[in-house]
Amino acid sequence: QVQVVESGGGLVQAGGSLRLSCAASGRTSSIYAMGWFRQAPGKEREFVAGIIRSGGNTNYADSVKGRFTISRDNAKNAVYLQMNSLKPEDTAVYYCAAKWGLTQHYNYWGQGTQVTVSS
């Protein structure tokens with residue numbers, strides 16, 4: 001019912017910035033929230049940030065608070081992740097996800113975009 005596509009990953013030096021974008025298509029009117037997750041090599045996928053589509057309430061993992069900012073543009077069905085003061089430990093594949101319909105879980109996922117932070 002929904003497709004999610006990320007873009008904007010790349011290679012950046014420590015202390016630098018990147019902005020990830022996520023575009024949703026399909027039956028987007030039933031999207032309740034969107035979020036960003038990441039998975040580093042050899043580690044489990046972890047939550048990074050989330051935003052409620054209506055109202056814009058946000059929440060963040062402690063590891064990114066003060067450095068990352070999630071935002072949305074409902075007219076474009078888009079979500080963004082502004083990442084500042086990047087650290088090598090932020091290196092991971094970043095995934096965008098959507099909560100669609102009456103669910104407490106993120107049930108639609110993108111393919112991921114690689115973010116690599118060099119020291």
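# Reasoning through a predicted strand model

User: How do the residues of the lining of the largest cavity divide into nonpolar, polar and charged?

Analyst: The lining divides into 6 nonpolar, 2 polar and 3 charged residues. Please keep in mind that this is a predicted model. The lining is made up of Ile31, Ala33, Met34, Ile51, Arg53, Arg72, Asp73, Asn74, Asn77, Ala78 and Val79.

User: What makes Asn74 and Asn77 polar, and Arg53, Arg72 and Asp73 charged?

Analyst: Asp and Arg are on the charged list, so Arg53, Arg72 and Asp73 go there. Asn is on neither the nonpolar nor the charged list, so Asn74 and Asn77 count as polar.

User: Why is this space called a cavity and not a pocket?

Analyst: The name cavity applies because a 1.4 Å probe fits there but cannot get out, whereas a pocket is an open set. About 60 Å³ of space lies in the largest cavity, and the count is 1 cavity of 30 Å³ or more.

User: Which strands supply at least two residues each of that lining?

Analyst: Those are β4, β7 and β8, and β4 gives the most, with 3 residues.

User: Ile31 lines the cavity too. Why is Ile31 called buried?

Analyst: Its relative accessible area is 5%. Buried means under 20%, so Ile31 meets the rule. Ile31 is in strand β4. Its C-alpha lies 15 Å from that of Ser71, which is 40 residues away in sequence.

User: Which class, buried or exposed, does Val115 fall into, and how do you know?

Analyst: Val115 has a relative accessible area of 0%, and with the limit for buried set at under 20%, the conclusion is that Val115 is buried. Val115 is found in strand β11. Leu18 is 97 residues from Val115 in sequence, yet the two C-alpha atoms are 8.5 Å apart in space.

User: What makes Ser85 partly exposed?

Analyst: A value of 41% is neither under 20% nor over 50%, so Ser85 falls in between and is called partly exposed. Ser85 lies in the loop between β8 and β9. Its phi is near 50°, a positive value in a residue other than glycine.

User: Which loop holds Asn77, and what is its phi?

Analyst: Asn77 is in the loop between β7 and β8. Its phi is near 50° as well, again positive in a residue other than glycine.

User: What makes a set of residues a nonpolar core?

Analyst: The residues must be buried, belong to the nonpolar types on the list, and be joined through side-chain atoms within 4.5 Å. Here the largest such core has 31 residues, and Trp36, Leu81, Met83 and Tyr94 have the most contacts inside it. The elements giving two or more residues include β1 (2-7), β3 (18-26), β4 (31-39) and β11 (113-118). Of the elements, β9 gives the most, with 5 residues.

User: How do you know that β7 and β8 pair?

Analyst: At least two bridges are needed, and β7 and β8 have 6, so they pair, in the antiparallel sense. One partnership is Phe68 with Met83 in β8. β1 and β3 are also antiparallel and joined by 6 bridges, with Val5 opposite Ala23 in β3.

User: Why are β1 and β7 said to stand at the edges?

Analyst: The open sheet has 4 strands in the order β1-β3-β8-β7, with antiparallel pairing. β1 and β7 each have a single partner strand, so one side of each is left without a neighbour in the sheet. The twist averages 15° from one strand to the next.

User: Which residues form the covered and uncovered faces of β1?

Analyst: Val2, Val4 and Glu6 make the covered face, and Gln3, Val5 and Ser7 the uncovered one. In a regular strand the side chains alternate between the two faces of the sheet.

User: What do β5 and its partners form, and how many bridges join them?

Analyst: β4 and β5 run antiparallel with 6 bridges, including Arg38 opposite Glu46. They form a hairpin with 6 residues between them, and Gly42 in the turn has a positive phi of about 75°. β5 and β6 (residues 58-60) run antiparallel with 3 bridges, and Ala49 stands opposite Tyr60. This hairpin has 5 residues between its strands, with Gly55 in the turn at a positive phi of about 110°. Since the rule asks for at least two bridges, 3 is enough for β5 and β6 to count as paired.

Technical notes. Residues are numbered from 1 along each chain as its sequence is written. This is a predicted model: local features need pLDDT of at least 70, side-chain atom pairs count only at pLDDT 80 or more; totals for chains, interfaces and linings use all residues. Side-chain values use heavy atoms; hydrogens and water are left out. Buried means under 20% relative accessible area, exposed over 50%, partly exposed in between (1.4 Å probe, protein chains only). On a 1 Å grid over the protein atoms alone, a cavity is a set of points where a 1.4 Å probe fits but cannot get out, and a pocket is an open set with protein on both sides within 12 Å along at least five of seven lines; lining residues have an atom within 4 Å of a point. Grid points are joined across faces, edges and corners, and a volume is the space filled by probe spheres set on the points. Axes are lines fitted to C-alpha atoms, for helices over the stretch in contact, and angles run from 0 to 180 degrees between N-to-C directions.
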